[in-house]
Amino acid sequence: MHIPPPTNEQLAIIAHPLRQHARVLAVAGSGKTTTIVLRVAHLIKELGVDPRGVRVFAYNALARNELRERIATLLTEKADQPRVDTFHSFAYRWLKQAIGEQLIEEPKEWWLDEQTDRSRLMMHRAIQSLVQEGVVEDGAVDVDAVAAAITLWKAALIPAGSDRAAHATSSDIPLVYARYEEMRLGYGAVGFDDFVPLLIQLADEQPKFWRKVTGAMRVLIVDEYQDVNFGQQLLVTKMAGTTADVMVVGDDDQTIYEWRGARPDYLLSRFGAGLAERQIVDYPLTQSFRFGPLLAQCAHNVIVRNKVRFAKDLVAADWESTTNVQICEDRSSRAGIIDDVLCDQLVAWCSMHAPTSVVVLGRTLGQLQSLEIACLLRNIPYRILGRGPFYQRREHTLLADYVATLMALDTPLNEEIATRFIRIANTPMRGLQRDVLQQAVREDSAQAHTLRMMLTRLSEQNEISLQARERITDLLILFEQLGRLLRDQASGYELLSTLSQQLRLDEHFVRAYGRGEAAAERSIAVRHLIAVVEHLQISANDFCGWLAGFDATAGQADEAQQVLFTTVYRAKGLEYAHVLMPAALEGYTPAHGSSPEVFDRNDPQAVPAGSDAIEEERRLFYVAITRAKQLLTIGVPLPAAGLGRDALPSATPSRFVYEMKLAASEQILASAQTDAEALQEALAEFGVSPGMLVHLQRYLHDDAAALAVLTRFRGEIWPMRPLRPKRA
């Protein structure tokens, strides 16, 4: 593998002296992996550090494998290659070692890989046990919300079964955490989230064993340090002890995993706490080899607005490289519902390039729904990483289950009808006991009764509670109301709108997911689906078949021929020739509201609080746009009037689109490549930011006339004016 010659910035990091700690602030695409590999080779070959005394931590398995492969190209002897781990693989290896030494009991179950679903199943059982005991209301807590909270508590080393684990919006979720842990320990099971807490516990309780773990460690290098959480930072501190040099590599501007416990503070203000008393040297990596100066400038224009950050430049390593940026406005009546404009862009790109060279990115997968639908209607193969396609979303199949149940209300009960009914019986929460319903289904199926007959019988049965009988009666009334719409040949839009309102789905999502993004996204997804049904004039009778009839692959099984849809979170660390971002609107990017926060009642300050919401959202946008190498396309769907607006959180372009200062950056950079006179005219017309001046000085360092123009403007810096996004 060819490794390009290092830059001066990289050389300084590679040659960092021993007996000092280091913090490397590396912008997107700056070659930090190359720098780490060359640093490791320098330590072992030039400074004579024993490879057994060097440890490297990568954030995930993909990055770990890349580091291993690239180190092996420089250090070809196996004995010269240091260990490269993820936090989880390192913890797992040493937990297995402790088991072998009988320091801890071997788990009866490891909830790893294909067994990870066991953890979610146990969370579901914990919820159901509390529901059966009357501690938690049925439907009040969702497994997704529980899983997210438990991951955060464990990342912050906050135990269950005490008064410490607290949740900002739900008093039920801490109770589920305690029950889940009780059940997990009863099964003797250990999952991914338990690895780091268990290893830290071993470090505290078994000092002799811990000395074996740390060994003769002299240098510890941690990549993607902006993504560590409280437990991982504590593990780094304990591993380094009083002997090891620590070099961390990261970018506070790319801290986007706060929902998993990451905080910019660990890189900015908390690095060095607990380490050996040594000088900390800061190194910048400011040149990006990924994209050209236009995208570099636009990304810089956005991120400098964050106040809590380490100030650093972001410039293209190659002034001549080209990365185009385009803002696509869509003002059609279908805008935001069916994304025809961006679909045209996608088709045009894929006609000239491989589908694998493009990625469609959203803050959440729900933001990609309009482009998904356009691809489905035009038979463009795609795949979604992180969730099933839109027609398989639970909130959408919930509506389909209701409609199908309604249409089968007077059909003799069978397994399909019974399964659909059980799925909707307590969504939203009705407090109906599942075992009672299942027993009723068995009895009435045996007598060839219909679902209506079964529900009527239950509504009159004194053996169940009065409240349950009243709710069954309410369900029958709902079915009768919807049945009238069917008999009157109402549209799918009328049926689904009525159903959504009667079920009070917005309230249900808030109860299940808290007053945060998870609930808001589901509400928007439902409104979006209903708007699509209205646009396409899908009838009530055809709705279920229409929804079930989609195929995201369009019959193309080869993933290389499928366009990738995923979230910014999953794309971090990756790069693509073309990045396409639909729905750059207020309410989507940035999203309004924040995820529910978990904290420690005993010491709320032990784990740093989350960032300012807008700063966190701005970092996410910055990460998204810096994945692009050749082309960045940002969609701004602005429906002209009426249709579609209800499905969108806002019809206002994202503030981040304006913050890019695209038009001004294009003009100034283009003029800088022409002559000094053109540059002066562009600066006078558009104004110039301090960041732009700095970058132009770096780009034009050998152009005396241009530098003279910049010198004149240095004393008269004008902020670049907000500009409407340019239509493609």
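This report describes one strand with its two neighbours, and then the cysteines, in a predicted model.

**Strand 7 and its neighbours**

Strand 7 covers residues 219-222, and its side chains alternate in direction: Val 219 and Ile 221 point one way, whereas Leu 220 and Val 222 point the other way, and all of these residues are buried. Strand 7 is joined by four bridges to strand 2, made of residues 54-58, and the two run parallel; within this pairing, Val 56 stands opposite Ile 221. Four bridges also join strand 7 to strand 8, which spans residues 245-250, and this pair likewise runs parallel. Here the bridge partner of Val 219 is Asp 245, a residue of strand 8. Between strand 7 and strand 8 the chain passes through helix 10 (residues 230-240), and the resulting β-α-β crossover is right-handed.

**Cysteines**

How many disulfides are counted in the model? The count comes to zero, where a disulfide would require a pair of cysteine sulfur atoms within 2.5 Å. For Cys 343, the nearest cysteine sulfur belongs to Cys 375 and is 4.5 Å away, so that Cys 343 is in no disulfide under the 2.5 Å cut-off. Burial can be given for two cysteines, Cys 343 and Cys 544, and the table lists their relative accessible areas.

| Residue | Relative accessible area | State |
|---|---|---|
| Cys 343 | 0% | buried |
| Cys 544 | 18% | buried |

Cys 544 counts as buried because its relative accessible area of 18% falls under the 20% limit, and Cys 343, with 0%, also meets that limit.

Terms used:
Residues are numbered from 1 along each chain as its sequence is written. This is a predicted model: local features need pLDDT of at least 70, side-chain atom pairs count only at pLDDT 80 or more; totals for chains, interfaces and linings use all residues. Side-chain values use heavy atoms; hydrogens and water are left out. Buried means under 20% relative accessible area, exposed over 50%, partly exposed in between (1.4 Å probe, protein chains only). Two strands pair if DSSP finds at least two bridges between them. A crossover is right-handed if, with the strands pointing away from the viewer, the path from the first strand over the helix to the second runs clockwise.
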